[in-house]
Amino acid sequence: MDLSTSLWLISPEIILSTGAMILLLISAWGGEKSARLVTILAAATLFGGAVLLMVIAHLPAFKDGAVAFDGLYIADNFGSSAKFLIYLAAIISLMVAPRFFQKGGLYRPEYPVLILLATVGMGLMVSATDMMTLYIGLELNSLSAYVLASIIRTDVRSSEAGLKYFVLGALASGMLLFGISLVYGFAGSTSFAVIGETLTGDLATGPLIGLVLVLSGLAFKISAVPFHMWTPDVYEGAPTPVTAFFASAPKVAAIAMTARVIIDAFGGQTSAWQQIIVFVALASIVLGAVAAIGQQNIKRLLAYSSINNVGFLLIGLAAGTEQGLSAMMFYLAVYVAMTLGSFICVIEMRDKDGNPVESLSSLAGLSQTRPGLAAAFAVFMFSLAGIPPLFGFWGKFLVFDAAVAAGMLPLAVIGIAASVIGAFYYIKIVKIIYFDDPAGEIVATGHKTENGLIALLALFVSPLGYLAIPFMAPITAAAAASLF
């Protein structure tokens, strides 16, 4: 494929990269007062990237996946579906940021620029067909994320979150790179296709260790057990809009990247990777459910909820079938809506002086002081718990159904049983909101942007979301089919 076609296929990444560079110059010249303008232009750039994704999707060669740069990058339905979710989550993270940071003049124009650069990295991650492309995309995303976590330099918690994320992220990157080097040594290539063709039959000890190390590095990025230890601390310490971004867009990118690596590079080694994914999925579900019970900080609780939901997503991947991948992508879309809605509700938790409030006890009696916010919070919590008829139930049903269809009934049964444990702390939040005596800590400081987003996301994860199934199901099925 010639260079011009390759450049056309990566045009979403090009427009985001160019936009980030231009906005960085505007930030340098305009200073702090340019932050709001830069945010608007960054959101417009992401929207332009999403439009380009849809244009590229109608290319004649796109149906079966169009490869760029001699097999380093692929434009297909799977990557485009994941990128669309990533861009949408990034736009919402930009929309809710200015008002959160405006108290104390903490909002900086670097924030939207870093969001754009992180999004470029995530785009490379989900479209990578070579280990080197994967690693470059992952590092671009990670380096931006480290700075985002510590963007409030005067806040000790934010600085600590950035430092912890950097140290543990560097360790995970080292493990991933060592695993890639071992796989390269035995396969003779970093291309997913060549690795899949070379590593056939029973794996020797060397490539097996490489596979384990690669999956370990990827497990860190999706915050799956036992590589989850950074998640609660970083989610709690980072500013809430940053936490909302971490819990949505990078999660989509990491899950999609993991699925592509497993199916494309190690698809012929199902017996080797499947047992690892099954263990990680069950461990994440159980730990995410149990560890959240004693949390008193809402952001830490949602961090464990994120770990718990990663386990459910990995059940779809563990099935190793088109149905399983389709169910995973469907649940991923619903998860992004539930998570973003929950964190925007947390952003709305402020005292009379406008300071963020994060304790569970401050939610007491919220139904009497902020009935709309309380209702939305309840919808998101019940949906995360997978309680019918909310849309989160349907996502979990699909991944469990795919596991059963793949002959993994014990996995589905254990997953369903563990989800009951997780329902406890979600219902606990609703109980505090509706049945405890009012704490009076959270005041009515709603804003039309946040309120509008909360309403839209709550409607999507409500029973009305089922109306989207005829539209979403073919998209997720096509995305999964493109991997096979």
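Are F312 and F400 buried or exposed? Both F312 and F400 are buried (under 20% relative accessible area with a 1.4 Å probe and protein chains only; exposed is over 50%, and partly exposed lies in between).

## About the model

This is a predicted model, in which local features need pLDDT of at least 70 and side-chain atom pairs count only at pLDDT 80 or more, while totals for chains, interfaces and linings use all residues. Residues are numbered from 1 along each chain as its sequence is written, and side-chain values use heavy atoms, with hydrogens and water left out. Helices (H or I, at least four residues) and strands (E, at least two) are DSSP runs, numbered from the N terminus.

## Aromatic pairs

Let us stay with the rings for a moment. Across the whole structure, a search finds 20 aromatic pairs (Phe, Tyr or Trp rings, using the six-membered ring of Trp, with centres within 6.5 Å; planes under 30 degrees apart are stacked, over 60 edge-to-face, and the rest tilted). One of them joins F220 and W230, a tilted pair with 5.3 Å from centre to centre and 35 degrees between the planes. This pair links distant parts of the chain, with F220 in helix α10 and W230 in helix α11, ten residues apart. Both F220 and W230 are buried.

The ring centres of F312 and F400 are 5.9 Å apart and their planes stand at 85 degrees, so this pair is edge-to-face. F312 belongs to helix α14 (residues 298–319) and F400 to helix α18, 88 residues apart along the chain. Ring pairs also build a cluster from Y146, Y165, F166, F220, W230, Y235, F245, F246 and F343.

## Backbone oddities in the loops

Most residues other than glycine have a negative phi, and most peptide bonds are trans. Here, the bond from V225 to P226 is cis, with omega near 5 degrees, and P226 lies in the loop between α10 (205–221) and α11 (230–237). S223 is found in that loop between α10 and α11 too; S223 has a positive phi of about 55 degrees although it is not a glycine. S223 is buried, with a relative accessible area of 0%.

Another cis peptide bond joins P388 and P389, with omega about 10 degrees. P389 sits in the loop between α17 (371–385) and α18 (391–405). F69 has a positive phi near 55 degrees and is placed in the loop between β1 (66–68) and β2 (73–75). F69 is partly exposed, with a relative accessible area of 28%.

## Helix α20

Helix α20 (residues 448–461) has 14 residues and should span 20 Å at 1.5 Å a residue (times one less than the number of residues), which agrees with the 20 Å between its end C-alpha atoms. Its buried residues are E450, L453, I454, L457, A458 and V461. Seen down the axis, they fall within an arc of 130 degrees (taken from the directions from the helix axis to the C-beta atoms), so they line one face of the helix.

The face of α20 turned away from the buried side carries the exposed residues K448 and L456. The buried residues of α20 pack (heavy atoms within 4.5 Å) against α4 (77–95), α5 (97–102), α15 (322–347), α17 and α18.

## The largest pocket

The largest pocket is lined by 30 residues, of which S81, F84, L85, F471 and I475 lie nearest its centre. A pocket here is an open set of points on a 1 Å grid over the protein atoms alone, where a 1.4 Å probe fits, with protein on both sides within 12 Å along at least five of seven lines; lining residues have an atom within 4 Å of a point. α4 gives the largest share of the lining, nine residues.
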